[in-house]
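Okay, thanks for making room for me today. Have a look at this one on the screen, and then I'll walk you through a handful of side chains.

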Amino acid sequence: QIDIHNERGIDILGDIMESSTYSPNVQYYGALHNTAHRMLGRQSDPKGKFALPPGVMEHFETATRDPSFFRLHKYMNNIFKNFKDTLTPYTKEELGYANAEITSVGIEGELVTFFEDFEIDLLNAIDDTESIDDVSMLAYVSR
């Protein structure tokens with residue numbers, strides 16, 4: 001049993017979820033997040049019987065196109081939220097800086113925010129063969 005109700009608890013939980021060299025037991029905990037992506041990506045051929053190419057959930061470039069991506073990440077986020085809800089709130093003394101004082105805040109000029117199009121190369125996300133020349137496959141996402 002591993003106690004995560006201490007000052008390093010969130011780090012331990014993160015190491016378990018993402019499985020790093022810091023995981024308390026990589027063989028036992030595995031990598032919940034990455035394993036879930038693989039399981040959801042391979043649901044049409046889980047044992048590789050039909051040699052189907054990887055599903056969109058197995059590639060970070062295309063994973064957001066699968067509605068299960070958002071449910072999975074909500075589930076992962078809720079694990080952390082449920083843990084954080086067990087913690088006591090920070091005190092004013094823990095958050096404050098006795099020797100610092102903000103005297104003013106301002107912006108010179110006009111503040112402008114915007115979305116820009118980001119180009120994603122999907123060539124690595126498709127199954128191809130070396131006997132046929134690659135065809136450019138790009139996706140544009142506003143972010």
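Let's start with Glu61, which is buried and yet has no salt bridge. The nearest side chain of opposite charge is Arg65, and that one is 10 Å away. Keep in mind that this is a predicted model. Where is Glu61 placed? It's in the loop between helix 3 and helix 4. And what does Glu61 touch, if you don't count residues up to four places away in sequence? Ile120, Asp121 and Leu122.

Now go along to Asp66, in the loop between helix 3, which is 32–41, and helix 4, which is 67–84. Asp66 is another buried acid with no salt bridge. Here the nearest side chain of opposite charge is Arg71, 9.4 Å away. What does the side chain of Asp66 make a polar contact with? The side chain of Ser68, at 2.8 Å. Leaving aside the neighbours within four places in sequence, Asp66 is in contact with Val56 and Met57.

While we're in the loop between helix 3 and helix 4, find Ala51. Its phi is near 50 degrees, so to speak on the positive side, and this is a residue other than glycine. Ala51 counts as exposed, at 67% relative accessibility.So much for the buried acids; on to the salt bridges. How many salt bridges does the structure hold? Three.

One of them joins Arg8 and Asp11, with the closest N and O atoms 3.2 Å apart. Arg8 counts as partly exposed at 41% relative accessibility, and Asp11 is partly exposed too, at 37%. Asp11 is found in helix 1. If you want a feel for distances here, take Asp11 and Ser104: they are 93 residues apart in sequence, and C-alpha to C-alpha they are 35 Å apart in space.

Another salt bridge takes us back to that loop, where Arg42 pairs with Glu58 and the closest N and O atoms are 2.9 Å apart. This pair links distant parts of the chain, 16 residues apart, with Arg42 and Glu58 each in the loop between helix 3 and helix 4. How accessible is Arg42? Its relative accessibility is 42%, which counts as partly exposed. Glu58 is partly exposed as well, with a relative accessible area of 21%.

Then there's Lys81 with Asp85, whose side chains meet in a salt bridge at 2.7 Å, N to O. Lys81 is partly exposed, with a relative accessible area of 45%, whereas Asp85 is exposed, at 51%.

Next, helix 3 itself. Which residues are buried there? His33, Ala36, His37 and Gly41. Why do we say that they line one face of the helix? Look down the axis of helix 3: the buried residues fall within an arc of 130 degrees, so they line one face. For anyone who wants the background, an α-helix has 3.6 residues a turn, so residues three or four places apart point the same way. And what covers the buried residues of helix 3? The cover includes helix 1, which is 9–18, and helix 4.

Last stop, the aromatics. The structure holds two aromatic pairs. In one of them, the rings of Tyr28 and Tyr29 have their centres 4.9 Å apart. Their planes are at 85 degrees, so this pair is edge-to-face; the cut-off for that label is over 60 degrees. Is Tyr28 buried or exposed? Tyr28 is exposed, with a relative accessible area of 64%. Tyr29 counts as partly exposed, at 28% relative accessibility.

In the other pair, Phe69 and Phe70, the ring centres are 5.0 Å apart. The planes are at 80 degrees, so this one is edge-to-face too. And is Phe69 buried or exposed? Phe69 is buried, with a relative accessible area of 16%, while its partner Phe70 counts as exposed at 51%.

If you'd like one picture to take back to the bench, go back to the acids. Glu61 and Asp66 are each buried with no salt bridge, whereas Asp11, partly exposed, has a salt bridge with Arg8. Okay, that's my tour, and I'm happy to bring any of those residues back up on the screen.

Methods: Residues are numbered from 1 along each chain as its sequence is written. This is a predicted model: local features need pLDDT of at least 70, side-chain atom pairs count only at pLDDT 80 or more; totals for chains, interfaces and linings use all residues. Side-chain values use heavy atoms; hydrogens and water are left out. Rings of Phe, Tyr and Trp (its six-membered ring) pair if their centres lie within 6.5 Å; planes under 30 degrees apart count as stacked, over 60 as edge-to-face and the rest as tilted. Buried means under 20% relative accessible area, exposed over 50%, partly exposed in between (1.4 Å probe, protein chains only). Helices (H or I, at least four residues) and strands (E, at least two) are DSSP runs, numbered from the N terminus. Lys and Arg count as positive and Asp and Glu as negative; His and the chain ends are not counted. A salt bridge is a side-chain nitrogen of Lys or Arg within 4 Å of a carboxyl oxygen of Asp or Glu. A polar contact is a pair of N or O atoms within 3.5 Å; within protein, one must be able to donate a hydrogen and the other to accept it, and residues adjacent in sequence count only if both atoms are side-chain atoms. Contact means heavy atoms within 4.5 Å. The arc is that of the directions from the helix axis to the C-beta atoms.
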